Amino acid sequence: MTTTLERETRPIQPKRVNEIRVMVGGQGGDGTLTVISLLARCLKLIGLHTYDARNVLSRIRGGHADGVLRGSVNRVLCSGDALDALVAFDEEAVEVGSPLLEADGVVIFDSSRGPLKKQLPPRVQVYQSKLSDLAGTQLKKTLLKNTISFAILSRALGLKQELVERVVKERYQRKGGEVLEGNMAALQIGFRLADEIGVAAHYSMPEGAENDSLQVVGDEAIGIGFIVGGGRFYAGYPITPASEVLDYLSVNLPKFGGAAVQAEDEISAINMAIGAAVAGVRSMTATSGPGQDLMTEGLGQAAEAEIPVVIVDVQRSGPSTGMPTKHEQSDLNHVVFAGHGDFPRLVIAPADVTDCFYLTVDALNLAEKYQMPVFILIDQALAQNSQSVPPFDLSKVRVERGKLLSQTELDSLPVYKRYEFSSDGVSRRTIPGMSGGFSQITGNEHNEWGMVSVNTENREKMMRKRMLKAELAKTEMPRGRFYGSPDAKIGFVSFGSNVGPILEAMDILATKNVPTKFLLVRSLHPLHEDELVQFLDSVDTAFVVECNLSGQLAGLIRREVGFANKIFGINRFDGHSFRPSEIAQRVLEELGPKTGGNSRNA
Amino acid sequence: MPETFPVATPIWCPGCGDFGVLAALKKALAELRIPPKDTIIVGGIGCSGHIHNDIQVYGYHSLHGRLLTTATAVKLANPRLTVIAAGGDGDGYAIGGNHFLHALRRNPSIVYLVMNNGTYGLTKGQPSPTAQIGFEGTKEIPFEPVLMALSLRSSTFVARGFSGNQTQLVRLIKEAIEHESQGKGFAFLDVLSPCVTYNDTYAEWRKAVVDLNADPDFDNTNRSKSFQHILETIVSGRIPTGLLYRGEGASFERNVLLPGSEPMALQDISPEKNLESYKKLLRKFA
Ligand SMILES: Cc1ncc(C[n+]2csc(CCOP(=O)(O)OP(=O)(O)O)c2C)c(N)n1
Ligand code: SF4
Ligand SMILES: [Mg+2]
């Protein structure tokens, strides 16, 4: 064996923890992320909740890639601030991960390309060995270094060997043969190596029974919500970080007699979604910024022609091709304002994976009841990071089709007009194939029959009819969520995946005697002004936290409800989501030595 | 039965070729006894794209150039419908060119009628991709849609008619609708439909058209021979018309949809209906 080992002998007592944070880093495409998913499975089986985040580049091979897994007895919604253990397949991964490492953290390093150069703090325990070389010489497959490292990691985390073996076995059972054998052999090599180099159990986690949580990423939760909410037609063009919606639905929609079509571009995708909706199917498309730009004309068409479609915008760093795999929340202005002309739309902003499921069902219902385009706006972190969530409650799912007529209802009408004026602005809808339901559906201004019209009086009535629908839909749009102490004078306002880091920042601030509260906005258009006004009235300072440079949410709030002098922006736009400590730090800096001090507009 | 929209009077200029297309389409639908309630016409944007207002069937007026993607999805949503996309040459060959390519590639069972007048009628006479050299100063070689359609191995029905030849046009539209209704795939029919106001090509086209189906040497089941024949006809200054190619291939809806499944548009989507299979979806993540 060509293993070299530099061991620092120091007796180690396993530290009892309620939470464990691990990073696995290396080069993209070398399988580092499998270690994360194997560990996530182990932690779930002992009853912990998990959150995992992936940091990859927009290429399949090469470039630094890492995954962070956080396991906890509580549900967590972000990766947190620090790391307990780091598995590094190269020096770069140590550069990236070590600054986050706890003082007594553990590093498992693949020294195949030479011993670790980086000087680490004295109490950090480093286990290094030529993992890739070992996998290459003993198993003829260097990729199996991942499984070897997993065995070593599991020792350091104090996980039981049977559990680890079970998880790896389950994972590769389906592939069977060489793959299964290779991985099981790699595990044994890893365990032996761990013995040889004396890997201690550094942590001890509470072990309970497997929990019933689902481990799901936001994109998949939207896919599940879509099917369960009665969606049957999906069209999309591949784009990070929305492709998982297409992938999920391509596999699963056909099982329900539906279809997921990979369109030739996003213009086609939205027009396909529109076509299926015209024919009577609940339909959806998903994309990210560049595709959202291309869909803009279709958005106006759906609004003018009163066609129910759901559009998912998974935000990534823009503009243009930007940083395609990186996190940002800078499409808010686009989804709220994009398109020529005045027209109604709804914009829903799920904040966690649970929301992604239930609010997709809501979006489908709202689209059909109010016959208009509905956006689901999420961000890369929410879309692609997996969260442990309580099983989705199918008994809560309702399918409400609004004024879609049945043949019997249609038969009883003396006259059928697709765009008939009504008290709520919503007209009865038929679908092709129904007898007596002929309609003209058009994006041209039209009269009640759907015939093209430039009559001035009709134009005004039609414009008002369409806009009225958005006002009424607002009463059914998801309300915000409130957190924290009601009397706090320092507030946070935010949306999307920032909920995780903000809640933890609030805990940090509480330990420093800075009580805070938080309004999580979940409807971006129309905004629930009442909840914003009430919240902003009750604080001295409101920190609007968002991942963009210009403060799009802050701008929207100022525009819709005012309070400019209370609003401070906390913004990040480097491609990563917030860390709790950084939000807490920014608040403390802004407040100055005394709480409620120093005020500066963002 | 409820009263529904009053069929519009066409808005076209007197003498516009589109009148002939409308007349032939109505005749074909009537002769084939296609139930109007099961028919949807997806119009493009342009003078031609008004055609769906003038027939008592379901109508959808798409965005400029997007009629094919819309119509493709309508078909997937409910294959029982007769889906006819009808628009202009600017709509289909310029702004919608990419979708034309992909409709040919996918082969959805829809009819695609292009009212080809070599110009943008509605925006007042700019040259379209099929404009003849010299029209409004155009120096570009005109786009040849039937050759493009033939050049995709997946195309199954390629035809060209002339608004000035009703007998042939009715026959071609009927064949196209039958191809569609039998689920055989994409029935593409380019119709020479002169714009008398901006590009009056009636006299020219009347002289140049040649019905290839009348030529005993023309084999419209052989893709490469048909291609060559058409190309030679064009190069010699004539315009080939007729059913130019008919082949076989799986339709898009057959490739995409679960065999024997209820059309999506007609499915019962209440959650109770599928509860057990929905639970299975969740189990995957447990
Ligand atoms: C995105 C977009 N660009 C431009 C237009 C303006 N426009 C309307 S019709 C048309 C061209 C119509 O030409 P064609 O499709 O050949 O139809 P025709 O009027 O000749 O029947 C154009 C450019 C539009 N409606 N939408
Ligand atoms: S402008 Fe040309 S295409 Fe348009 S209606 Fe008049 S003749 Fe027909
Ligand atoms: Mg034209």
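Donors to a metal are N, O and S atoms within 2.8 Å of it, and water is not among the atoms, so sites may look incomplete. Keep that in mind for the first stop. The model is predicted.

**Stop 1: the magnesium site**

Select ligand 3, the magnesium ion. Which residues coordinate the magnesium ion? Show B:D89, B:N117 and B:T119. B:D89 donates through OD, B:N117 through OD1 and B:T119 through O. The distances run at 2.0 to 2.2 Å.

Now follow the donors along the sequence. Their spacing reads D-x27-N-x1-T. B:D89 sits in helix α3 of chain B, residues 89–95. B:T119 sits in strand β5 of chain B, residues 119–120. These two are 30 residues apart, so colour both elements to see distant parts of the chain linked.

**Stop 2: the interface of chains A and B**

Select the residues of chain B in contact with chain A. There are 59 of them, facing 70 residues of chain A. About 5500 Å² is buried between the two chains. Carbon and sulfur atoms give 66% of that area. Next, pick B:Y58, B:I269 and B:F285. Together they supply 15% of the area that chain B buries against chain A, more than any other three residues.

Turn to the polar side of the interface. It has 24 residue pairs in polar contact, both residues at pLDDT 80 or more. Colour chain B by secondary structure. β2 (58–61), α2 (67–77), α4 (97–106), α9 (252–256) and α10 (275–283) each supply at least two residues of the side that touches chain A. Which element gives the largest share of that side? Select α2(B): seven residues come from it. By residue class, the side of chain B that touches chain A divides into 33 nonpolar, 19 polar and seven charged.

**Stop 3: a salt bridge across the interface**

Between chain B and chain A the count is one salt bridge. Zoom to A:E264 and B:R106 to find a salt bridge. Their closest N and O atoms are 2.7 Å apart.

**Stop 4: strands that pair across chains**

Show β17 of chain A, residues 440–442, together with β2(B). Three bridges join the strands, which run parallel. Label A:Q440 and look for its bridge partner in β2(B): B:G59.

**Stop 5: inside chain A**

Over all chains the count comes to 48 salt bridges. One of them pairs A:E529 with A:K474, the closest N and O atoms being 2.5 Å apart. A:E529 lies in helix α18 of chain A (residues 529–537) and A:K474 in helix α16 of chain A (residues 456–474). The pair is 55 residues apart and links distant parts of the chain.

Conventions: Residues numbered from 1 in each chain as written. Chains lettered and ligands numbered in written order. Predicted model: local features only at pLDDT ≥ 70, side-chain atom pairs only at ≥ 80, totals over all residues. Heavy atoms only, no water. Contact = heavy atoms within 4.5 Å. Buried area = accessible area lost by both parts, 1.4 Å probe. Salt bridge = Lys/Arg side-chain N within 4 Å of Asp/Glu carboxyl O. Polar contact = N/O pair within 3.5 Å; in protein donor to acceptor, adjacent residues only side chain to side chain. Helix = DSSP H or I, 4+ residues; strand = E, 2+ residues; numbered from the N terminus. Nonpolar A, V, L, I, M, F, W, Y, C, P; charged D, E, K, R; others polar. Pairing = 2+ DSSP bridges. Donors = N, O, S within 2.8 Å, 3.2 Å for Na, K, Ca; no water.
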